[in-house]
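Q: I am new to this structure. Please pick one part, look at it closely, and then show me what surrounds it.

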Amino acid sequence: MSETKSKSIYRRGADDGLILGVYMSVCFLCIASAMHSTLSGVAGIAMAAGVPVIVYFMLRRGFRADSCRTTFSALWVEGIATFFFGGLLVALTAYLYLRFINPAYITSTVLEAADIYSASGDAELEQWGKAMRAMVDGKMLPSPSEVAVNVLWLAVFTGSVLSMILSVAVRTLGSLNQRK
């Protein structure tokens with residue numbers, strides 16, 4: 001009986017990154033449409049909360065495919081790769097949305113926040129509202145490409161930290177299941 005060779009951690013990261021990227025892209029679109037639909041915003045937040053669960057099961061699947069012998073560092077790198085490749089897809093989605101689908105999104109969101117702050121009755125918040133209006137008037141808002149790069153950095157950084165925690169959980173819970 002021959003033992004099947006599992007995929008490399010980088011291949012699993014790329015494959016799982018595609019799935020995670022589609023999931024996070026839908027999450028982004030839900031949150032971006034929250035101005036028009038409260039339910040969409042709630043769904044986006046719920047989806048964001050589900051990311052750790054999804055990545056845990058992805059890492060656990062790889063851990064089991066390697067007969068529960070994957071090291072902590074290998075699981076961590078797999079998680080980072082998953083978030084990197086998923087982050088590329090959600091960054092592309094953010095760019096396309098902000099550049100072509102809703103190019104006024106950033107400006108309208110900042111102006112709406114400025115209106116809310118200005119109408120608060122609090123002097124400090126009113127200053128924030130004025131500062132936000134000055135940003136719009138001075139054309140100091142980020143471009144779609146700048147937002148996309150920041151989305152990628154956010155995904156990779158938070159994904160790295162989350163993957164470290166989830167790698168410990170997968171190894172610990174996998175070891176417990178292996179002893180039973």
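A: What follows is a close look at the start of helix α3, and then at its surroundings.

The model is a predicted one. Helix α3 covers residues 72-101, and Phe72 belongs to it. Just before the helix comes a loop. This loop runs between α2 (38-65) and α3, and Thr71 sits in it.

Take Thr71. Its relative accessibility is 43%, so Thr71 counts as partly exposed. Its side chain has a partner. A polar atom of that side chain lies 3.2 Å from the backbone nitrogen of Ala74. Now look along the chain from Thr71 to Thr82. The two are 11 residues apart in sequence, and their C-alpha atoms are separated by 17 Å.

Next is Phe72. Its relative accessibility is 31%, and therefore Phe72 is partly exposed. Phe72 also joins a nonpolar patch on the surface. The other members of the patch are Phe157, Val161, Met164, Ile165 and Val168. Together the six offer about 530 Å² of accessible area. Which helix gives the most to this patch? Helix α6, residues 144-179, does, with five residues.

Move on to Glu78. This residue is also in helix α3. Is Glu78 buried or exposed? Its relative accessible area is 0%, so Glu78 is buried. What does Glu78 touch, leaving aside neighbours within four places in sequence? Its contacts are Ile9, Arg12, Gly13, Asp16, Met58, Leu59 and Gly62.

Arg12 leads to the loop again. Arg12 lies in helix α1, while Asp66 lies in the loop between α2 and α3. Their side chains meet in a salt bridge, 3.0 Å from N to O. The pair links distant parts of the chain, 54 residues apart. Both residues are buried.

Helix α1 holds another bridge. Arg11 pairs with Asp15, and the closest N and O atoms are 3.2 Å apart. Both residues are in helix α1 (residues 9-32). They are four residues apart, about one turn of the helix. Asp15 has a relative accessible area of 25%, so Asp15 is partly exposed. Lys7 comes in too: Lys7, Arg11 and Asp15 are linked in a network of salt bridges. How many salt bridges does the structure hold? There are six.

One of them joins two other helices. Asp115 in helix α4 bridges to Arg133. The closest N and O atoms of this pair are 2.0 Å apart. Arg133 is in helix α5 (residues 123-137), and the pair is 18 residues apart. Asp115 is partly exposed at 40%. Arg133 is partly exposed as well, at 34%.

Helix α4 spans residues 105-118 and includes Ile106. At 16% relative accessibility, Ile106 counts as buried. Beyond its neighbours within four places in sequence, Ile106 is in contact with Leu98, Leu141, Pro142 and Val147. Compare its distance to Phe85. The two are 21 residues apart in sequence, and their C-alpha atoms are 25 Å apart.

Last, the cysteines. The structure holds zero disulfides. Why is Cys27 not in one? The closest cysteine sulfur is in Cys30, 6.8 Å away, and this is too far for a bond; a disulfide needs the sulfur atoms within 2.5 Å. Cys27 is buried at 8%. Cys30 is buried too, at 17%.

Definitions and conventions. Residues are numbered from 1 along each chain as its sequence is written. This is a predicted model: local features need pLDDT of at least 70, side-chain atom pairs count only at pLDDT 80 or more; totals for chains, interfaces and linings use all residues. Side-chain values use heavy atoms; hydrogens and water are left out. Patches are made of residues with over 30% relative accessible area and no salt bridge: like charges are joined within 9 Å, nonpolar side chains (Val, Leu, Ile, Met, Phe, Trp, Tyr) within 5 Å. Accessible areas come from the Shrake-Rupley method with a 1.4 Å probe; for residues, only the protein chains shown count as cover. A salt bridge is a side-chain nitrogen of Lys or Arg within 4 Å of a carboxyl oxygen of Asp or Glu. Helices (H or I, at least four residues) and strands (E, at least two) are DSSP runs, numbered from the N terminus. Buried means under 20% relative accessible area, exposed over 50%, partly exposed in between (1.4 Å probe, protein chains only). A polar contact is a pair of N or O atoms within 3.5 Å; within protein, one must be able to donate a hydrogen and the other to accept it, and residues adjacent in sequence count only if both atoms are side-chain atoms. Contact means heavy atoms within 4.5 Å.
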